[in-house]
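I opened the notebook to record what I looked up in this structure, one entry per topic. The sequence and the coordinates come before my notes.

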Amino acid sequence: QVQLVESGGGLVQPGGSLRLSCAASGSIFSINYMAWYCQAPGKQRETVAIVDSGGGTVYADSVKGRFTISRDNAKNTVYLQMNSLKPEDTAVYYCFLGTTLGGYWGQGIQVTVSS
């Protein structure tokens with residue numbers, strides 16, 4: 001089984017920054033892509049950013065220019081650098097690992113943007 005451990009969330013003021021990390025461990029055959037999703041109360045889970053096996057990235061329109069997804073293949077870790085945070089970014093953020101053998105979710109980590 002694969003485990004994903006997220007860290008880096010918390011409370012930040014509007015305009016501030018956070019860096020989320022998600023480290024994968026276990027029996028990983030091959031990583032196709034890694035991604036971040038968010039889910040606010042009463043909302044569906046939404047894609048925030050994706051980084052594929054070749055390093056290509058895709059971002060939700062709402063975070064373009066503010067968030068950056070990156071990965072460290074040697075550590076099986078994906079990061080989400082979150083800058084210029086807005087109150088509407090408040091949500092639980094989930095990492096996702098898509099592999100040849102299946103997909104795996106992190107436990108979710110709270111990000112709260114408030115003054």
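**Entry 1, S21.** I began with S21 and looked up its accessibility in this predicted model: S21 has a relative accessible area of 17%, and because the cut-off for buried is under 20%, I entered S21 as buried. I then placed S21 in strand β3. Setting aside its neighbours within four places in sequence, I listed the contacts of S21 as V5, E6, S7, W36, V78 and Y79.

**Entry 2, the nonpolar core.** One of those partners, W36, came up again when I turned to the largest nonpolar core, which has 31 residues. I asked which members touch the most other members, and noted W36, V48, L80 and Y93. The strands that each supply at least two residues of this core are β1 (2-7), β3 (18-26), β4 (31-39), β5 (46-52), β7 (67-72), β8 (77-82), β9 (91-99) and β11 (109-113).

**Entry 3, Y93.** From those four I picked Y93 and looked up its partners, again leaving aside neighbours within four places in sequence. I found that Y93 is in contact with E6, L20, W36, Y37, C38, V48, F67, L80, M82, G108, I109 and V111. W36, V48 and L80 are among these partners, and they are also named beside Y93 as the core members that touch the most others.

**Entry 4, T99.** Next I looked up T99, which is found in strand β9, and asked whether it is buried or exposed. At 9% relative accessibility, T99 counts as buried. Apart from neighbours within four places in sequence, T99 is in contact with I28, S30, I31, N32 and Y104. For the pair T99 and S30, I noted that they are 69 residues apart along the chain, while their C-alpha atoms are separated by 5.4 Å.

**Entry 5, positive phi.** I then checked backbone angles, keeping in mind that most residues other than glycine have a negative phi. I wrote down N76, whose phi is positive and near 50 degrees, and S84, whose phi is also positive and near 50 degrees. Where do N76 and S84 sit? N76 is in the loop between β7 and β8, and S84 lies in the loop between β8 and β9. With a relative accessible area of 24%, N76 is partly exposed, and S84, at 41% relative accessibility, counts as partly exposed too.

**Entry 6, the whole chain.** I turned last to the chain as a whole, and counted zero helices and 11 strands, so that the elements, taken from the N terminus on, are β throughout. Of the 115 residues, 40% count as buried. Among contacts with a separation of 6 or more, 52% are accounted for by residues 24 or more positions apart.

For overall dimensions, I noted that the C-alpha atoms fill a box of roughly 45 × 25 × 25 Å along the principal axes. The radius of gyration of the chain is 13 Å, which agrees with the value near 13 Å that a compact globule of 115 residues would have.

My remaining note concerns surface and charge: the chain exposes about 6000 Å², of which carbon and sulfur atoms supply 48%. I also looked up the 8 positive and 7 negative charges, and recorded that their mean positions are 2 Å apart.

Notes:
Residues are numbered from 1 along each chain as its sequence is written. This is a predicted model: local features need pLDDT of at least 70, side-chain atom pairs count only at pLDDT 80 or more; totals for chains, interfaces and linings use all residues. Side-chain values use heavy atoms; hydrogens and water are left out. A nonpolar core is a set of buried Ala, Val, Leu, Ile, Met, Phe, Trp, Tyr and Cys residues joined through side-chain atoms within 4.5 Å. Buried means under 20% relative accessible area, exposed over 50%, partly exposed in between (1.4 Å probe, protein chains only). Contact means heavy atoms within 4.5 Å. The radius of gyration is taken over C-alpha atoms; the globule rule is 2.2 Å times the number of residues to the power 0.38. Accessible areas come from the Shrake-Rupley method with a 1.4 Å probe; for residues, only the protein chains shown count as cover. Lys and Arg count as positive and Asp and Glu as negative; His and the chain ends are not counted. The place of a charge is taken as NZ of Lys, CZ of Arg, CG of Asp or CD of Glu.
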